[in-house]
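Please work through the following exercises with the sequence and the three-dimensional structure open beside you. Each exercise sets a task and is followed by a solution that proceeds step by step.

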Amino acid sequence: MLLRVAAGGIAAAALVAAVHPFIAFGAPAGALPNFSVDTVSSGSEVTWTAFDPLTTPIEAAVVNDGSSRCFGGGSHGDGCFDRISSMVDRHGAAAGFTANYNNGTDILGLAVVDHHAWAPADPHTTSLCVGDSIPGSTRPTITITKSGDATTCKTAVSGELIVANSQPDIEGQADENHKGAFWWSVEQSSPVQRTLVGLKQDGTVMIAVVSAVKAKQRNGLTLPQAARWLIDHGVVQAIALDGGHQAEAYVAGRGSIVPLQAGEPGVQVSLMLGRTVPVIPAPPATPAPAVPAAAAPAPAPAPAAPAPSHRPSPTPTPRGPVPGTGVLGSVVLPRLPESGALPAPDQPSLRPAAGSGTSDASVPQVAVGGSPGGPQAAPTSSGGLTSW
């Protein structure tokens, strides 16, 4: 949930580079990419997977699948919450993760399921936009963007930009601890649970959940540390989705695969991975059947005529390959200026008023060291910047 009381003042733990891979927690063969666990401090870890969207569909679900009770009359959630496990089961997905932030009532940021927008884009947020594809044949175009909509995105979830062009770029960092500002309560400088999704240069997608190493504890990474961890693992663009006690990774048949701070959370949007599909190989070239030779005429009293020549078999037309696998779409990452502070939580509306001014100047697309809203924690590692 976005509106949490900041706990600030917790010292950042040094990152430890111990990685423990394991295989999909016993999931059925071919059902889900492998997960790994990266121990990043004595009390926190990252559970992550990197997969090819050519063979692992990326999907989303909203609370109660968009029921009129939760989305009627222009509502965008209406205070409804659902378990990720229920969303995964209803959709037959392989895994589900926490997605959009909320303000306790409504979804914050663009949420699109099968080209239907259940919540509109918000200028403060940045979206993961997944376009259409031919399963097993062409990859979808995947972007991290400010300008996605239900026309260009088959699936979209939204969060806070933290990596742009292989550099930390923390969106809304100037909002930290300024109650009423949009990102005031996400605790950028505190080591807490996080849900992260990023794009790698080779077209693969990474989803990571930062958690404490034990359930019912509160620990994780600061946003600058999370950005550096992603960059060190080859991510070039990334957003942070909802975190804290909301951070969750659920695998069908296995349940929650990360330690939960407060039990299975209720969410309004889930980012899901579909069952994997096999890559469709190019069909082999099939030669055309030979045409039988014409039969020789019966002998006649007259001198035998020369035997007719056989008709040559046609040359088979070779089959071309299936359509190309595509490449990672161009990433659109213009930073929009902040559009004003939100009203205090005790006021009726938590949405910013149109034209309420700006609180941050426009930021270039490539922002080395993060946005100018405030200083970032010094990177804990310099590796990984060119490892892909």
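**Exercise 1. Describe the link of cysteine 129 and cysteine 153, and state its handedness.**

Solution. Begin with the sulfur atoms in this predicted model: those of cysteine 129 and cysteine 153 are 2.0 Å apart, which falls within the 2.5 Å cut-off for a disulfide. Next, take the angle about the S-S bond, which is -115°, so that the link of cysteine 129 and cysteine 153 is left-handed. Then place both ends in the fold: cysteine 129 lies in strand 9 (residues 126–130), while cysteine 153 lies in the loop between strand 10 (142–145) and strand 11 (155–164), so the pair ties together parts that are 24 residues apart in sequence. Finally, check the surroundings of each end: cysteine 129 counts as buried because its relative accessibility is 5%, and cysteine 153 counts as buried at 0%.

**Exercise 2. Find how many disulfides the protein has, and work out the pattern that they follow.**

Solution. The count comes to two disulfides. Besides the link of cysteine 129 and cysteine 153, a disulfide joins cysteine 70 to cysteine 80, with an S to S distance of 2.2 Å. The link of cysteine 70 and cysteine 80 has -95° about its S-S bond and is left-handed. Cysteine 70 belongs to helix 1 (residues 68–71) and cysteine 80 to the loop between helix 1 and strand 5 (82–83), so this pair ties together parts that are ten residues apart in sequence. As for exposure, cysteine 70 is buried at 0% relative accessibility, and cysteine 80 is buried at 5%. When the bonded cysteines are counted along the chain, the disulfides follow the pattern 1-2, 3-4.

**Exercise 3. Determine how strand 15 is covered and which strands it is joined to.**

Solution. Start with burial: seven of the seven residues of strand 15 (residues 235–241) are buried, so the strand is largely enclosed by the rest of the structure. Turn next to strand 11, which runs antiparallel to strand 15 and is joined to it by three bridges; here glutamate 160 has alanine 240 of strand 15 as its bridge partner. Strand 13 (residues 194–200) also runs antiparallel to strand 15, with six bridges between them, and in this case threonine 195 has leucine 241 of strand 15 as its partner.

**Exercise 4. State how many residues of helix 3 are buried, and describe what glycine 234 does just after the helix.**

Solution. Helix 3 (residues 223–232) is mostly covered, since nine of its ten residues are buried. The buried residues of helix 3 include Leu223, Ala226, Ala227, Leu230 and Ile231, and also Gln225 and Arg228. Just after helix 3, glycine 234 takes a positive phi of about 90°.

**Exercise 5. Classify the aromatic pair of phenylalanine 182 and tryptophan 183.**

Solution. The protein has four aromatic pairs in the count. In the pair of phenylalanine 182 and tryptophan 183, the ring centres are 5.0 Å apart and the planes stand at 80° to each other; because planes over 60 degrees apart count as edge-to-face, that is the class of this pair. Both partners can then be checked for burial, phenylalanine 182 being buried at 3% relative accessibility and tryptophan 183 at 1%. Tyr101 joins Phe182 and Trp183 in one aromatic cluster.

**Exercise 6. Decide whether serine 41 is buried or exposed, and find the side chain with which it makes a polar contact.**

Solution. Serine 41 sits in the loop between strand 2 (35–39) and strand 3 (44–51). Its relative accessible area is 6%, so serine 41 is buried. The side chain of serine 41 makes a polar contact of 2.6 Å with the side chain of serine 44.

**Exercise 7. Assess the confidence of the model across the protein and over residues 3–30 and 308–388.**

Solution. The mean pLDDT is 75, and 63% of the residues reach 70 or more. Over residues 3–30 the pLDDT stays under 50, although the model has 67 contacts beyond four places in sequence for this stretch. Over residues 308–388 the pLDDT is likewise below 50, and this stretch has 156 contacts beyond near neighbours in sequence.

How values were computed: Residues numbered from 1 in each chain as written. Heavy atoms only, no water. pLDDT = per-residue confidence, 0-100. Contact = heavy atoms within 4.5 Å. Helix = DSSP H or I, 4+ residues; strand = E, 2+ residues; numbered from the N terminus. Buried < 20%, exposed > 50% of the residue type's maximum accessible area, 1.4 Å probe, protein only. Polar contact = N/O pair within 3.5 Å; in protein donor to acceptor, adjacent residues only side chain to side chain. Phe/Tyr/Trp six-rings, centres within 6.5 Å; stacked < 30°, edge-to-face > 60°. Pairing = 2+ DSSP bridges.
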